[in-house]
Structures are given as structure tokens and as C-alpha cells.
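I opened the notebook to follow one strand and its neighbours, and then to look up the salt bridges.

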Amino acid sequence: MAGSEPEKNDGGLLEVCVDSVAGLEAAIAGGADRIELCAALDCGGLTPTSGLMQRAAQAPIPVFAMIRPRAGSFVFSPDEVTVMVADIQAAQQAGLAGVVLGASRSDGCLDVEVLGHLTAVASGLAMTLHRAFDLVPDFEVALEQAIALGFGRILTSGGEQSVVTGFDRLKSLSKRADGRITIMPGGGLRPERIAPFWQAGLREFHASCSVPIEADPVLIDFGFATVGQARTDSDVVRRLAAAIETCRTLP
């Protein structure tokens, strides 16, 4: 199996996805335990620049780089896979702790061949299977494939638009995983929603911890910014981290 994982954390862990230096600093200030480093979070996250990877490598907490060369589907051409290999190598060279990967076939199943190649390149890094998992036709099959590929965790909303509606499947997946891989809920997670997931045995949580911002209309008119932008907010990170801390006292 490719990849290497840190010791399992049963005490609860908050991963915050960010796409800028400011977001990185806000997540750390708010008490995040790990960073998912991206570009373009407004389309689900793309591969960050090598410069941002190098800056993030200075963080006092582990940083995983998203490896996704473009927006849209997770069906990648051979040339795109070549780009992804180079991006994994850039994350390694920057000294990051892990990468976040995913690839699909046209039928929605995990592309085990492509993922086998990418995970081999990522040997020595921790690995997360991203939400391409949410599009698979058979979650139990995909779970076993992820384990066989050496992934340490699966980031998923349970195949639904949010973790709230996907709760039952998340609980079922975690039970089936039985400690062989971590199921990490992500998608619509809020502080007040943590407790049920904790009680179901889930211990790693993923969120953007963002708040909406208004872009300059002139920048929008020129196409330099888009409507509906958001930024990582350290207070939101702090509240989510506090909710996880409170759950540690639950019976």
C-alpha cells in the first residue's frame, strides 16, 4: 500500500480547507488541527500553486494539498494525470504532509487504475480520497477500493448535498470501515451539528469555516472577481473546534 499515516487521533480533529495565505493564517489562528490546501474553493477546490504549497509548509500543523487540475468531472485524461503526478511531486518537494486525491470512470466508479498510479507516486505522504467518492454507484465497493489503495481517510458527505442528509450513510460507512480507514464528514458541517456525528463514532471533521464577502463591483464587471465569494473566518474555526472539544466530554 502507498502512503503513510499519522497515528489515529481518537480525540477529535478539525481539518479546514483554505485557498489563500489569509485563509491559512485564519484557520491556524482559530485552532484548526490540519489544513486542506486548495485553489478555487468556489468550485470545490483545485490544486494550489507551488508557491502557496511552500508557504503552507511553514505552518505549525499538517497540510494536505488538493490534487485536482481543473473544475468539473473527476474523469481525467492521460495528460491531466501527468499534470497531477507533477503536482504530487511539488507537494512532496514543498514538504507537505499529505495529498487529497480522487479520480472517476465515466460510470462514476472510482478509477482504480489512475488512483493506483497516483497513490504510488504519493508514497510516503498521507492520503485522503476526496468527494469523487460521493458520486460512486456503490459506496461499499468504493470503500473497500479506497482501503486497498492505501488511503487513510475518505472525505465525504455521504453521497448527499450535505452531511446532514447524508448522516445515515456516513454512520454506516464508519461502521463498515471498522477502523481500517477514517470516514471524515465534510459538506455543510456546523458547530451545532457535531454532536450526532461524534456519538456515531466519527472523529475527524472537515469544513471551510467561511463567511460570505462582497467583492468590489468593478472587479466583478472586469471578470477579476465573482459573486458569492467567501473567506475563512477564524471565529467560525474557533467555534467548530470548541464544539469538537465539548464532544470529548460526552458519555
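**Strand E7 and its surroundings**

I looked first at strand E7, residues 182-185, in what is a predicted model, and found both of its faces covered, with Thr182 and Met184 buried on one side and Ile183 and Pro185 buried on the other. This reads alongside the general rule that in a regular strand the side chains alternate between the two faces of the sheet.

Next I asked which strand E7 pairs with, and in which sense. The partner is strand E6, residues 153-156, and the two run parallel over 4 bridges. The chain passes from E6 through helix H6, residues 167-177, to E7, and I noted this β-α-β crossover as right-handed. Within the pairing, threonine 156 has proline 185 of E7 as its bridge partner.

**Salt bridges**

I then searched the whole structure and obtained 14 salt bridges. One of them joins arginine 153 to glutamate 204, with the closest N and O atoms 3.0 Å apart. Because arginine 153 lies in strand E6 and glutamate 204 in strand E8, residues 204-207, this pair ties together parts that are 51 residues apart in sequence. I found both arginine 153 and glutamate 204 buried, and I recorded them in a salt-bridge network with Glu15 and Arg34.

I also looked up the pair of arginine 169 and glutamate 160, whose side chains meet in a salt bridge at 4.0 Å, N to O. Arginine 169 is partly exposed at a relative accessible area of 32%, and glutamate 160 is partly exposed at 34%.

My last entry is the salt bridge between arginine 231 and aspartate 233, at 3.3 Å, N to O. Arginine 231 counts as partly exposed at 42% relative accessibility, whereas aspartate 233, at 12%, counts as buried.

Note on methods. Residues are numbered from 1 along each chain as its sequence is written. This is a predicted model: local features need pLDDT of at least 70, side-chain atom pairs count only at pLDDT 80 or more; totals for chains, interfaces and linings use all residues. Side-chain values use heavy atoms; hydrogens and water are left out. Buried means under 20% relative accessible area, exposed over 50%, partly exposed in between (1.4 Å probe, protein chains only). Two strands pair if DSSP finds at least two bridges between them. A crossover is right-handed if, with the strands pointing away from the viewer, the path from the first strand over the helix to the second runs clockwise.
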